[in-house]
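Here are my comments on the model you sent. Please read them with the structure open beside you.

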Amino acid sequence: MISRRILVASRFVRAARTPYLRYPSPVVQQFRLYADKVVKVPEMAESISEGTLKQWSKQIGDHVEQDEEIATIETDKIDVAVNAPEAGTIKEFLANEEDTVTVGQDLVRLELGGAPEGGSKEKADATPKEPASKDQVTSSDPEPEPSNKEDRNPKGESSPPPQKSEPTKQPPPKQPETKKDESKPATSPALGGRGERRVKMNRMRLRIAERLKQSQNTAASLTTFNEVDMTELMSFRKLYKDDVLKKTGVKLGFMSAFSRASVLAMRDIPAVNASIEGPNGGDTIVYRDYVDISVAVATEKGLVTPVVRNTETMDLVGIEKSIADLGKKARDNKLTIEDMAGGTFTISNGGVFGSLMGTPIINLPQTAVLGLHAIKERAMVMNGKIEARPMMYLALTYDHRLLDGREAVQFLVRVKEYIEDPRRMLL
């Protein structure tokens, strides 16, 4: 009886000395399960509930720090970055590239924790520099087979070829790929062929097409033209641009002058800044005391219109700085929904691409859009003499349901007068 008690006690002593984690238990497994975190598709905007998973920025096995970008989701307005909520290692992708994902959907599984020691180095060593072809097999001997006499052994016999190991069953690590914008046609090396390519439109291009067609079907669009002499404005810019750049770091351009001229012209023609709202095509006119100008910016994925808010309270330098900041964000794909929401009037500058004349399309629910074009020297009659003057064509496309032709022409003439004599904008 005493010996049995001693035996039982000795077993308890050995169990106590045994490390706890040597024997995995359901508790340990549950703890490990809780150490994983599933990253979900983030909230994107009130009006956006889904998008296309365009690209994974990381691969399985990569370590990510907190707030580091994991993936990019393309919506019909902006690209949304998915960031890691905590530091960890990517264990599993729960969606594939080009899949449609919805807000709140499981996207990727993370194993929380710091980076493993030497993890980056080991991964770099394990990653092949070039992917092996199907005919190649992994060899345990890095030496190439001898191909000439100098490579033979001292006895003059050729050394036996190295034995090849069995083909590796595991696929090579997936290499990060550089994504190409498939919405842009690839340049053909030579014309004359009869090849064809079909490329799916991205979400932003689909949304642009939808809104442009909606504008044509809804608004009673009409365009009026005028021309403006840019001599005085160009002299004004040349005189002050260096001082403005030195003091504020802002490059003084022409967009700020046309924005300011449009704001002042709206005081006489307020309907240009209004919109039609209501059911069945609209039965209510909304007049506004503020001016939020949408500035059309061309990006690789399509045309976007970020908004300069409360333009009526800004001077030329303030407007120019806001336009420059929004343009940079657009080119860097960092625009947010808030940057593009709203807008009461649009200015589109096709002249930077060399456009001589065009008819812009209204950005609903706005009433009008002002189109700027290229500056060209033309022969003009000035005080009975023919002179070469830098001229620009202006185009105003307006919704004839709200604006009459007389008001549209008067607005464009007001803008022309302010630009041809910038001092009038100070009165």
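The points below go from the whole chain to the sheets, the helices and a few unusual backbone spots.

1. **Overall make-up.** This is a predicted model. The protein chain holds 9 helices and 18 strands. Of its 427 residues, 33% are buried. Contacts across the sequence count for a good deal here: among those between residues at least 6 apart in sequence, 64% join residues at least 24 apart.

2. **The four-stranded sheet.** One open sheet has 4 strands in the order β1-β8-β6-β3, with antiparallel pairing. Its edges are β1 (36–40) and β3 (63–64). Each has a single partner strand, so one side of each is left without a neighbour in the sheet. β1 runs antiparallel to β8 (residues 106–112), and 5 bridges join the two. To find this pairing on screen, start at aspartate 36: its bridge partner in β8 is glutamate 111.

3. **The six-stranded sheet.** A second open sheet is listed here, with 6 strands in the order β9-β18-β17-β16-β12-β15. Its pairing is mixed. Which strands stand at the edges? They are β9 (221–229) and β15 (307–308). Each of these has a single partner strand, so each has one side without a neighbour in the sheet.

4. **Where the mixed pairing shows.** Follow β12 (residues 293–295) in both directions. Towards β15, β12 runs antiparallel, with 2 bridges. Isoleucine 293 stands opposite valine 308 in β15. Towards β16, β12 runs parallel, with 3 bridges. Here serine 294 stands opposite threonine 346 in β16. The parallel sense carries on from β16 to β17, over 4 bridges. Threonine 346 takes part again, with valine 369 as its bridge partner in β17. Threonine 346 therefore links up with serine 294 in one pairing and with valine 369 in the other. As a general point, side chains in a regular strand alternate between the two faces of the sheet.

5. **Helices lying on the six-stranded sheet.** Helix α6 lies across β12, β16 (345–349), β17 (368–382) and β18 (385–399). It runs at about 150 degrees to β16. Helix α9 (residues 405–420) lies across β9, β16, β17 and β18. The angle of α9 to β9 is about 25 degrees.

6. **The α6 and α7 pair.** How do these two helices cross? The axes of α6 (residues 255–268) and α7 (residues 316–331) come within 8 Å, and they cross at roughly 120 degrees. That makes α6 oblique to α7, because perpendicular is kept for angles of 65 to 115 degrees. The crossing is right-handed. On the α6 side, the contact is made by Met255, Ser256, Ala257, Ser259 and Arg260. On the α7 side, Leu316, Ile319, Glu320 and Ile323 make it. By class, this contact has 5 nonpolar, 2 polar and 2 charged residues.

7. **Arginine 260.** Is this residue of α6 buried or exposed? Arginine 260 is buried, with a relative accessible area of 16%; the cut-off for buried is under 20%. Its C-alpha atom is separated from that of leucine 316 by 7.0 Å, although the two are 56 residues apart along the chain. Leaving aside neighbours within four places in sequence, arginine 260 is in contact with Arg267, Thr311, Glu312, Met314, Leu316, Ile319 and Met425. Leu316 and Ile319 in that list also belong to the α7 side of the helix contact.

8. **Backbone spots to check.** Most residues other than glycine have a negative phi, and most peptide bonds are trans. Three places in the model deserve a look on that account.
   - Leucine 364 and proline 365 are joined by a cis peptide bond, with omega about 5 degrees. Proline 365 lies in the loop between β16 and β17.
   - Glutamate 98 is not a glycine, yet has a positive phi of about 75 degrees. Glutamate 98 sits in the loop between β6 (88–93) and β7 (100–102). At 41% relative accessibility, it counts as partly exposed.
   - Asparagine 310 also has a positive phi, about 55 degrees, without being a glycine. Asparagine 310 is in the loop between β15 and α7. Its relative accessible area is 37%, so it is partly exposed.

Note on methods
Residues are numbered from 1 along each chain as its sequence is written. This is a predicted model: local features need pLDDT of at least 70, side-chain atom pairs count only at pLDDT 80 or more; totals for chains, interfaces and linings use all residues. Side-chain values use heavy atoms; hydrogens and water are left out. Axes are lines fitted to C-alpha atoms, for helices over the stretch in contact, and angles run from 0 to 180 degrees between N-to-C directions. Angles under 35 degrees count as roughly parallel, over 145 as roughly antiparallel, 65 to 115 as roughly perpendicular and the rest as oblique. A crossing is left-handed if the near helix is turned anticlockwise from the far one by less than a right angle, and right-handed if clockwise. Contact means heavy atoms within 4.5 Å. Ala, Val, Leu, Ile, Met, Phe, Trp, Tyr, Cys and Pro count as nonpolar, Asp, Glu, Lys and Arg as charged, and the others, Gly among them, as polar. Two strands pair if DSSP finds at least two bridges between them. Buried means under 20% relative accessible area, exposed over 50%, partly exposed in between (1.4 Å probe, protein chains only).
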